[in-house]
Amino acid sequence: MTQEKDIQSLSKDEARAELAQLATRLADANREYHTNDAPTLSDAEYDRLKRRNAAIETAFPDLKRADSPSEQVGAPVADGFGKITHAVAMLSLGNAFEDADVSDFVDRIYKFLGMHETAELAFTAEPKIDGLSLSLRYENGQLKQAATRGDGAVGENVTANALTIADIPQTLIGAPDVLEVRGEVYMSHADFDALNLRQEKAGDKVFANPRNAAAGSLRQLDAAITKARPLKFFAYAWGDLSAPLADTQMGAIERLAELGFVTNPLTKRCNGPAELIEHYKEIEVQRATLGYDIDGVVYKVDQLDLQSRLGFRSTTPRWAIAHKFAAELAWTRLEGIDIQVGRTGALSPVARLAPVTVGGVVVSNATLHNEDYIVGRDNKGEEIRGGKDIRVGDWVQVYRAGDVIPKVADVDLSKRPDDSAPYEFPTICPECQSDAIREEGDAVRRCSGGMICPAQAIEKLKHFVSRKAFDIEGLGAKQIEMFFDDTDLAINTPVDIFTLQSRDESNFTKLKNRKGWGDQSAANLFLAIEEKRDIPFGKALFALGIRHVGEAASNMLATHYGNWKTFREAMDEATAQAGSAWEELLSIDGVGETMARSLVSAFAQERERDIIDTLAGHLRIQDAERPKTEGSPVAGKVVVFTGSLEKMTRAEAKARAESLGAKVAGSVSGKTDLLVAGPGAGSKAKKAADLGVETIDEDAWLALIEGL
C-alpha cells in the first residue's frame, strides 16, 4: 500500500489532488458495489477513505469539491432497477467517536430546545447494524414497494427481492393506512460463511464481508437469486405515515414489533449521556458474540415531538447520532516537533513520528494542537493525560479517530530517556522571526508579523482565491505560490491580482510566453479575474480572511449593513470601540466582542486598511440580498428577543424573524424597533421602556407573524 501523508503536512496542491483522487476512487467503488455487484474495496477501507476525504475537507475547507463524497447520501440508482422517489428523504447520521462527543450531542439538543440541563430527556440506544438500508411501503396493510436508500432522495425498486426475505411481512394487521417502515437488510456471520463456501465450490465470486454480501444479494436483477440468499431484516425507523405509530421512538419500535417486524432486542431507553455510554459499553462487550456485524450504537431522542422540533441539517438529523466503536491505537517514538505557521499566524505544533501503521495506514505525523496540549492541559487549564507532558524522544500512543487526523493520546513515562527535557514552545516565528505572542484568552500563540510574514501572506492569498471566496478559475494555490515569488508579476496582496493584466501589458516578458502558459491560458486567466470584479458583499468580506470572521459571519454582517459603503463607514466610526456604531456592531446577534475587535482592528491598521480600500476600488461589490418579505410587518425592523420564550426556542425565533426580513439584535439600543419579552425579561425590558421601544410578549409576536 502506498504510504499516505499525514493530513497536517499536506500542501494545498497535494490536498486538492488527493480530494480529486478520493472523489474518483469512491465513485468507482460505489459503481463497482452498487452497479456491478463486484466490490474491490473492503467495507473498512471504503469507510476509511470517506473519513480521510472528510478530514482533508476539514483541514482545507476551501478545497471541498462540488461532487464531494461527504455530501453524498448513498449512491445513485444503478441501471437495471426502476426508480422510487422517497416520500421522506432517507438521510445518513452524524458520528461520535468518543464519550465527550456523546455529551456534546446531548448538550446541543438541550441548548437547541432551550431545556434546562436538569430536565429529563430520554433517548433510545440501539446497535448500528452494518448492512443495507431498505424502505418498505405498506398501503392498507399490503406491501406495495421496497426501495434501497439510493442517494437519499431516489432509491432502487427492489420490491420483488424484498418479498423473498422471511423477516419482511407481506401483510400487516392493524397498521396505519400508509406505513413506510425502514430498517437494515443484513446477513449473519454463519450464513455469510456458508454462502461464501457455496460460492467458492460453484466457482462463483466470494464476498468481502457480510454487508457486501447482503447488499449484493438484495440487488440482484433476478429475484430467484435473492431468494436463495439467507437475508435478514431489522426494522428500526419509519418514513411516510398516515397516522403516528406512537408518541416515542421506543413506543414506535414496540409497535413495529407488534405488527410482525423483527426489531433489535438490545434497543434500550436511556436517560442522559451516562446511561447511553453505559449501554454502548454493554453492547461493545457483546459485539463478538452477536452473530452479525455492528459498527457502533445509534442514539435517538425518544420523544417524537422533540425530534420534529429538532429537525434536520443538510444530510443528517439533529436528534440522532451514531457512536462508532473505538479508534485504532499504536505506540511509536516522537522524533521531533515541527512548528507550522498558518494563515492567521497561529503556530501549530506537529509531532514527527517514527513511522507506524495505524489502522492500515502508515502514520509519520500527528497533531499536537497547541502548547497547552504539549504541557498536559486542556483549553480550560485542567489536566489531560494525567498531567503528563510530551517531549521529544518519548514513546507516545497514537490514534486515528473518525476524522482520520492522527493524534497523540498518551505518553509512556517508563520509556522516557533520562536526559529528556520539557519542550520549549517558540516565542519567535520560525518563518519571519517576528515575536510570537499569545493573547489572553487565546488557545494558540500567533506570529505578530502580519503581511511581512511569508507564511501568513501566501496563506491569506490562497484563502482569498479559495472556492468560498473569490474562486478565480485558473488562479489556485499552485498559481498563487508561483506568482508570489515572481520578480516581474508578483502577487503579494489581493490588489495585485486585479492589476495583473495591466502589469503584464507593460511588462517586457509576457505571461503567455512563460513556461506552462500560452495565449489561451493567459487570456482565460485575465478574463476570469475580470469576471470576479463583480462580487457579493459577503464573499468579499469573507475573502479578506479577517480573524474570527468566517463565511457565516461575513454573510450575516453583509445582510445587516446592506452595502459595502455603509459597512466601511460603520467600522471607521467603531474604531474607538465605543459609541453608537460600536454598540450597533455588538448588538448584532452572533457578534461578540472578540469578533467585533478583530473587525475594527483590521480596518484601523494603516497597511491593512490601505490594501482593503485599494482592493475595493478595483471591485464592484454587490449589495447584500434581502429576504423576500412582501407583506411582512417586521421587514427592515431591528428586533430583540429577551426573557424565557415558552413556545419556541431563541434559535427558532431568530431564524423565523430573519426569514421575514427583520434584523435580530442581541441588545436593546436606540435603533431597536421591537422587543419581544418573555418572563424574566429584566434589564432589556427596562432599557426598552426608557428608550420608548415597543414591547410585546411572545403571544403577540406569534400573532403578528401568523400566516406568514
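This section describes the overall dimensions of the protein chain and then the setting of one helix, α21.

The structure is a predicted model. Its protein chain contains 25 helices and 24 strands. Along the principal axes, the C-alpha atoms occupy a box of roughly 75 × 65 × 60 Å. The radius of gyration is 29 Å, which agrees with the value near 27 Å that a compact globule of 708 residues would have. Half of the chain is shielded from solvent by the criterion applied, with buried residues accounting for 50% of the 708 residues. Contacts between residues at least 6 apart in sequence were also examined, and 67% of these join residues at least 24 apart.

With regard to the surface, the accessible area of the protein chain amounts to about 32800 Å², and carbon and sulfur atoms contribute 48% of it. The chain carries 84 positive and 109 negative charges, and the mean positions of the two sets lie 2 Å apart.

Helix α21 spans residues 593-604 and comprises 12 residues. From its first C-alpha to its last, α21 reaches 16 Å, close to the 16 Å expected at 1.5 Å a residue. The buried residues of this helix are Met595, Ala596, Ser598, Leu599, Val600, Ala602 and Phe603. In an α-helix there are 3.6 residues a turn, so residues three or four places apart point the same way. The cover over the buried residues of α21 includes several other helices, namely α17 (537-543), α18 (551-561), α19 (564-573) and α20 (580-587), together with α22 (606-617).

Technical notes: Residues are numbered from 1 along each chain as its sequence is written. This is a predicted model: local features need pLDDT of at least 70, side-chain atom pairs count only at pLDDT 80 or more; totals for chains, interfaces and linings use all residues. Side-chain values use heavy atoms; hydrogens and water are left out. Helices (H or I, at least four residues) and strands (E, at least two) are DSSP runs, numbered from the N terminus. The expected span of a helix is 1.5 Å times one less than its number of residues. Buried means under 20% relative accessible area, exposed over 50%, partly exposed in between (1.4 Å probe, protein chains only). Contact means heavy atoms within 4.5 Å. The radius of gyration is taken over C-alpha atoms; the globule rule is 2.2 Å times the number of residues to the power 0.38. Accessible areas come from the Shrake-Rupley method with a 1.4 Å probe; for residues, only the protein chains shown count as cover. Lys and Arg count as positive and Asp and Glu as negative; His and the chain ends are not counted. The place of a charge is taken as NZ of Lys, CZ of Arg, CG of Asp or CD of Glu.
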